Amino acid sequence: MDPVQVGLLGLGTVGGGTVNVLHRNAPEIGRRAGRDIRVKLASVRTLQSDRICDTSAIELTTDPYQVVNSPGIDIVVELIGGDTLAKELVVQAIENGKHVVTANKALIALHGNEIFELARQREVMVAFEAAVAGGIPIIKAVREGLAANRIQWLAGIINGTSNFILTEMRDKGRDFDDVLAEAQALGYAEADPTFDIEGIDAAHKLTILAAISFGIPLQFDKAYTEGIGQITAADVTYAEELGYRIKHLGIARKSESGVELRVHPAMVPERRLLANVDGVMNAVVVHGDAVGPTLYYGAGAGAEPTASAVVADIVDVVRVMTSDPEHHVPHLAFQPNALSDIPVLPIDAIKTAYYLRLYADDKPGVLADITRILADQDISIEAVIQKEPVDDEPRIPVILLTHSVPEQRINAALKQIEALSSVNDKVTRIRVETLN
Ligand code: NDP
Ligand code: HSE
């Protein structure tokens, strides 16, 4: 049989890794797919740049439309990123009857509902394993491996760059900006790294995970997103003193009233496996009613780990490209006409425990004022640490750990504490997740 012809859009970190893996493992991959796979054409922005892969057998172009419009291409692999040009190209490829593989979580989280509907009409596949948690086959695990379950919640470290930064800050006391620069040099970070550090990339991924776990449409605009920019070295140290690690988590939980969809730093008890996932590694805990908790762990970013997922998708597409489209695995795990309209809850509706860090005047009555405000909101305190003043600083760090409380009440209390003349500053709040 003739080889399947692949056209690549982008030949950077992931595109280059994909070419390398397809080339190095060609015999094994061919035996799995049932056909040889050949990268025939690839589009790049500039023809001159150094590549991490050998391009001698690939026709290169600076016109990405040549790839999606070429009649000789069976599968288009989109590895450009972003949600403007990438969307136009993917839509064009689908219109042309080509199957699509993408690692682009922004594209899927923002435009997936429309793209999947178009793909369904055109009877082509859109595969996106690499869009979530890099090399971990989490999409396949949730969509197919856990198909028997009612999934109750999932929580994961799903941005490699943020986890790499938090780990290096904790273990080596390194500076935030310095570690971010290294993550960029290693090819982990997004083209715009604020997507990583502000939690947007993780929210894209969580949106996808929630959709395939709960059978809901993709709703990125309803995800609560908070990044790691507010976390200081002092918070990392205080968390350790209290027996926790600070991790940047994506959490999706289904209850009778709705779905929680939130990305934020969280204090995780240090005995939990997620608390010990370090560096660029990702991990996702998925809790199903039948199977109980399951854990998926692996590299969350980087050329070949991500290429592992991209190539697996290409193999999947090759295996089923001639089969009856009605019997393909649905893009969002559930049949498109069976999606649920259960609402995504606002962040105010969640209930969790909190770590609070503030700086207060070192004088009698200040702590009493703070604890009274918390008591008035019916917030009970699990621990209080009052630190020694640093050098000649007039204010002292105060760290409080609360019991579980609705977010609405903690917001009301923080507003009052921040207004105290003895505090008069923003209180840092980190949600505590025991992951039970
Ligand atoms: P890179 O920046 O390394 O590569 C992007 C590629 O797209 C380059 O080859 C670039 O060309 C080309 N390109 C960019 N803009 C244009 C444009 N306007 N027109 C034509 N070509 C363009 O990105 P990555 O490989 O890191 O990421 C690709 C995708 O994979 C993104 O969606 C990203 O979110 C996702 N992803 C990345 C992971 C990672 O670890 N890096 C992990 C999981 C997903 P040129 O080379 O000439 O500049
Ligand atoms: N920038 C992303 C991360 C790449 O750091 O996790 C993988 O999706």
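Reader: Which residues have the most contacts inside the largest nonpolar core?

Author: First, a caution: this is a predicted model. The general idea is that a nonpolar core is a set of buried residues joined through side-chain atoms within 4.5 Å. Here the largest such core has 55 residues, and I94, I138, I208 and V286 have the most contacts inside it.

Reader: Okay, and which helices and strands each supply at least two residues of this core?

Author: The helices are α3 (64-69), α4 (85-95), α5 (105-122), α6 (138-145) and α10, and the strands are β7 (151-157), β10 (259-269) and β11 (281-288). Nine residues, the largest share, come from α10.

Reader: Is there another core apart from it, and how many residues does that one have?

Author: There's another core, lying apart, with 33 residues; V6, V19, V77 and A103 are among them.

Reader: Let's zoom in on one core residue. What does V286 touch?

Author: For contacts, look for heavy atoms within 4.5 Å. Leaving out residues up to four places away in sequence, V286 touches I138, V142, L146, I151, W153, L154, G292, P293, T294 and Y296.

Reader: Now the ligands. What surrounds ligand 2?

Author: A residue makes the list if one of its heavy atoms lies within 4 Å. For ligand 2 that gives K105, N159, G160, T161, Y188, A189, E190, D196, D201, K205, G300 and A301. Sorted by class, the shell has five charged, four polar and three nonpolar residues. Both α7 (160-172) and α10 (200-214) supply at least two of its residues.

Reader: Which polar atoms should I look at there, and how much of ligand 2 does the protein cover?

Author: For polar contacts, check N or O pairs within 3.5 Å. A polar side-chain atom of K205 sits 2.7 Å from an oxygen atom of ligand 2, and a backbone N or O atom of G160 is also 2.7 Å from an oxygen atom of the ligand. N159 offers a polar side-chain atom 3.4 Å from a ligand 2 oxygen. As for cover, ligand 2 on its own has 260 Å² of accessible area, and the protein covers 94% of that.

Reader: And ligand 1: which residues come nearest?

Author: Of the 23 residues around ligand 1, those are L11, R51, G187, E190 and G302. By class, that shell divides into 10 polar, nine nonpolar and four charged residues.

Reader: What about backbone atoms around ligand 1?

Author: A backbone N or O atom of G302 lies 2.7 Å from an oxygen of ligand 1, while a polar backbone atom of R45 is 2.9 Å from a ligand oxygen. G187 has a polar backbone atom 2.8 Å from a nitrogen of ligand 1. The protein covers 83% of the 900 Å² of accessible area that ligand 1 has on its own.

Key. Residues are numbered from 1 along each chain as its sequence is written. Chains are lettered from A and ligands numbered from 1 in the order in which they are written. This is a predicted model: local features need pLDDT of at least 70, side-chain atom pairs count only at pLDDT 80 or more; totals for chains, interfaces and linings use all residues. Side-chain values use heavy atoms; hydrogens and water are left out. A polar contact is a pair of N or O atoms within 3.5 Å; within protein, one must be able to donate a hydrogen and the other to accept it, and residues adjacent in sequence count only if both atoms are side-chain atoms. Accessible areas come from the Shrake-Rupley method with a 1.4 Å probe; for residues, only the protein chains shown count as cover. Helices (H or I, at least four residues) and strands (E, at least two) are DSSP runs, numbered from the N terminus. Ala, Val, Leu, Ile, Met, Phe, Trp, Tyr, Cys and Pro count as nonpolar, Asp, Glu, Lys and Arg as charged, and the others, Gly among them, as polar. Buried means under 20% relative accessible area, exposed over 50%, partly exposed in between (1.4 Å probe, protein chains only).
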